[in-house]
Amino acid sequence: MSTHTGSDAVAAEFAERVRSNQAKLISALKPQYDFIVCGSGSSGSVVARRLAENAHVSVLLVEAGGSDDVPSVMEAGQWSVNLGSERDWNFRAQPNPHLNGRAIPLNMGKVLGGGSSINAMAWARGHKNDWNYFASETDDPAWNYESVLEIYKRIEDWHGAPDPKYRGTGGPVFVQPAPDPNPVARRIDIGGCGPPQPLTTRGWRTQEPLTPFVYPGFTQEWASPASRT
């Protein structure tokens, strides 16, 4: 068996354990929980995961949308199919006179994983000057670029040219450079707008924060998601 086939089998077995455990927990929701996290987007997923690391508390993750286990979410190339679908809250901005009266769509995810399940999966870490500005405004060096960079490095599992100063390996979020960026992207880079952003995909399957942060906790008896189906 090849390494690739072996890893796929392990992933499939783990996914089945998650489904089985969560089906059992959802069928017998408790009357109360120690912590209830509302929304399973990029922030809610991480909060729920950190809380669920404590086996002495019970955690309920509540999501208004349905499951993310659908092709349009799991297959990165289909991300645009989600826009305007039942997995999108379908918000729109007010008509703007500076845009010929157009009302611009404000796509936000209504699905496990939230907006990270329906977007294009670009991994953006924020500008250095922004982080230093936040640190200055709060008078808290924990917000500065150097501090936040170390957090990002712990999060990342970087699969590109080794760059230990700026990139981390072994973290929960798989990140890789675009394997074959469109020539237009390279021209944008030359024009000074920055290089093509790394992607959080694994074999062109979407990896939103729900997967690396929350799914490991979904095998526990004290952590349960509840979503509309």
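**Notebook: strand β2, helix α5 and the cores**

I began with Val62, which I found in strand β2, the run of residues 59-63. I was working on a predicted model throughout. I then asked whether Val62 is buried, partly exposed or exposed. Its relative accessibility is 31%, and because the partly exposed class lies between under 20% for buried and over 50% for exposed, Val62 counts as partly exposed. I also looked up the separation of Val62 from Gly44, a residue 18 places away along the chain, and noted 9.2 Å between their C-alpha atoms.

Next I turned to the chain as a whole, where I listed seven helices and nine strands. The chain has 229 residues, and I noted that buried residues make up 35% of them. For the accessible surface I wrote down about 13800 Å², with 57% of that belonging to carbon and sulfur atoms. I then took the contacts between residues at least 6 apart in sequence, and recorded that 56% of these join residues at least 24 apart.

Which residues form the largest nonpolar core? I listed nine: Trp123, Trp131, Tyr145, Val148, Leu149, Tyr152, Trp158, Val173 and Val175. Two elements, α5 (145-155) and β6 (173-175), each give two or more residues to this core, and the most come from α5, which supplies four. Apart from this core I found another, made of six residues and including Val37, Ala52, Val57 and Val59. I kept in mind, as background, that nonpolar side chains tend to be buried together in soluble globular proteins.

I then looked at a lysine in helix α5, namely Lys153. Is Lys153 buried or exposed? I entered Lys153 as buried, because its relative accessibility is 17% and the class requires a value under 20%. Setting aside neighbours within four places in sequence, I found Lys153 in contact with Pro164, Lys165, Tyr166, Arg167, Gly168 and Thr169.

My last entry concerns Asp157, which lies in strand β5, residues 156-158. Asp157 also counts as buried, because its relative accessibility comes to 17%. Which residues does Asp157 touch, when those up to four places away in sequence are not counted? I recorded Gly168, Thr169, Gly170, Gly171, Val173, Phe174 and Val175. Checking this against the earlier lists, I saw that Gly168 and Thr169 are among the contacts of Lys153 and also among those of Asp157, while Val173 and Val175, which Asp157 touches, are members of the largest nonpolar core.

Technical notes:
Residues numbered from 1 in each chain as written. Predicted model: local features only at pLDDT ≥ 70, side-chain atom pairs only at ≥ 80, totals over all residues. Heavy atoms only, no water. Core = buried A, V, L, I, M, F, W, Y, C linked by side-chain atoms within 4.5 Å. Buried < 20%, exposed > 50% of the residue type's maximum accessible area, 1.4 Å probe, protein only. Contact = heavy atoms within 4.5 Å. Areas by Shrake-Rupley, 256 points an atom, 1.4 Å probe, with all protein chains shown as cover.
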